[in-house]
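Subject: Structure for you to look at

Hello,

Here is the structure I promised you. Please open it first, then read my notes below.

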Amino acid sequence: MISVNEALHILKENLPHPRIVQLPLQDAFSRRLADDLLSPEPSPRYTSSAMDGFAVRWADLGNLEETGQVLLKIAGESQAGLPYCKTVAEGEAIRISTGAMLPDGADTVVRVEDTEEVQDSVLILRCKKRGQDVRYMGEEFPAGARILHKGQVIKARQIALLSAVGLSSIPVYAQPRVSLFITGTELAHHGDGKIKPYQVRDSNAPMLQSAILEAGAEVVECLHVRDDLDSTIAQMTEALSNGSDIILCSGGVSVGRHDHVKAAAEQVGFKELFWKIRQKPGKPLYVAKRDRTLLFGLPGNPVSAFMCFQNFVMPSLAALQGVELLKTVTSAVAEVPVANTGKRTDFIRVDITNEPNAAPSFRPIDRQGSHMLTSIVEADGYIAIEPGCCLQAGELADVFVF
Ligand SMILES: Nc1nc2c(c(=O)[nH]1)N[C@H]1C(S)=C(S)[C@@H](COP(=O)(O)OP(=O)(O)OC[C@H]3O[C@@H](n4cnc5c(N)ncnc54)[C@H](O)[C@@H]3O)O[C@H]1N2
Ligand code: MOO
């Protein structure tokens, strides 16, 4: 058996390179950028007015503070989308809307509240400075500026910026494609009302489907297989044909007579990277590779499957999207002694308490069985304790938060 770190190292060495795709902007929502993006245009694109009012020539206003008013002839209008195409001449003002192009010749905007219309002229009553209420072309950034960085997630805000500068298709890391492969003759669908006494509701498929989506990946298909070698081989061949980056199996990786995932994987051409890790839960985790497809054989026990997903599958899905997954860690004080008397790294699920004016503290969930889903539902995270180690009450430890 290998250690958790050895397993993670082997996995890292064997991760396929992320795939990069050029996507229309709307389809790129939630994806990570595969390159820095430079703006093809300056922002703003043209010099415009920030207010509704009149575009004027500052030179025409003379000494407004002393004279109190200046009368200018209204020579035309610049609307948003309908610019005034002539040059503003001496003694002229142009009606202007917010966002409309500032006409040539004008250099200042006077808000409508600071004016008074007199037939076809306008009295300018107040104006503080040259260039007032003008938005200048390129004042936010020039053409060629780096506006987004490689690795950034494309959310609503980023989509707005890219739309504004006309970048309608962008390079992003492709969503990893995952096929789920759920084994177990005993399994029934969770929606099946009345099930036989010896049946088990499949909780791994719904759990893993959600976990895959949460990790930004796509579930290509979800196959269910009986514990039978020929069916497992046939279905695995089918799973291989859909071009998945990852085949995520549940169950059938231990040493029982009806555990066929390893044998089937090897039969269809996968090469083992490792099998069995000194960890609890999740000892029989099996990982194999065929060309650029990775196969994870998660143990069937639901808590083991979840913890293996957290520690091995999630970082792999992140790497396929161009990022290194950093676990959320919080420092907390043990409320009771916690010992590992076994031979494997123990991932003990814990409940964190936050009280005002006190350091966070944690205590292990009472029932830690790998078949007990409450051990992950009631927990906020887990601590990792090496064999032979013991945490005393009051000692600080890192808690990995779910
Ligand atoms: N002789 C040994 N037996 C076992 C060992 C061992 O070292 N020697 N390891 C144990 C450990 S640790 C684990 S973990 C399990 C893993 O076994 P498998 O991966 O082969 O899983 P299954 O046998 O198929 O199922 C185990 C358990 O989980 C339930 N299960 C399976 N799939 C689902 C599902 N989709 N939803 C809900 N529950 C599921 C299944 O009914 C079993 O109860 O092996 C130990 N045995
Ligand atoms: O690894 Mo198993 O997950 O100990 O029950």
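**Helix 4 and its surroundings**

The buried residues of helix 4 pack against four elements: strand 13 (177-183), strand 16 (218-225), strand 17 (246-250) and helix 7 (302-319). Keep in mind that this is a predicted model.

Which residues of helix 4 are buried? Helix 4 covers residues 204-214, and its buried residues are N204, L208, A211 and I212. These four lie on the same side of helix 4, because they cover an arc of only 100° around the axis. The general rule is worth learning: an α-helix has 3.6 residues a turn, so residues three or four places apart point the same way. Now turn to the other side of helix 4. There, S210, L213 and E214 are exposed. After helix 4 comes G216, and its phi is positive, near 85°.

**The two ligands**

Start with ligand 1. It is surrounded by 27 residues. The closest are N204, G251, S254, P299 and G300. You have met N204 already, as one of the buried residues of helix 4. Helix 4 supplies at least two residues of this shell, and helix 7 also supplies at least two. By class, the shell around ligand 1 holds 10 nonpolar, 13 polar and four charged residues.

Next, ligand 2. Which residues are around ligand 2? They are K280, P281, G282, K283, P299, N301, S304 and S370. Two of the residues in this shell are nonpolar, four are polar and two are charged. Look at P299: it is among the closest residues to ligand 1, and it is also around ligand 2.

**The whole chain**

Zoom out now. The protein chain has eight helices and 28 strands. It is divided into four parts:

- domain 1 (4-18 + 175-319)
- domain 2 (23-43 + 139-173)
- domain 3 (48-129)
- domain 4 (329-401)

The C-alpha centres of domain 1 and domain 2 are 35 Å apart.

What radius of gyration does the protein chain have? The value is 32 Å, whereas a compact globule of 402 residues would have one near 21 Å. The C-alpha trace spans about 100 × 55 × 45 Å along its principal axes. Of the 402 residues, 34% count as buried.

One last number concerns contacts. Take those with a separation of 6 or more: 70% of them join residues 24 or more positions apart.

Best wishes

Note on methods: Residues numbered from 1 in each chain as written. Chains lettered and ligands numbered in written order. Predicted model: local features only at pLDDT ≥ 70, side-chain atom pairs only at ≥ 80, totals over all residues. Buried ≥ 20, exposed ≤ 12 C-beta atoms within 10 Å, placed from the backbone. Arc of directions from axis to C-beta. Contact = placed C-beta atoms within 7 Å. Rg over C-alpha atoms; globule rule 2.2 N^0.38 Å. Near = placed C-beta within 6 Å. Nonpolar A, V, L, I, M, F, W, Y, C, P; charged D, E, K, R; others polar. Domains from an automatic or database assignment.
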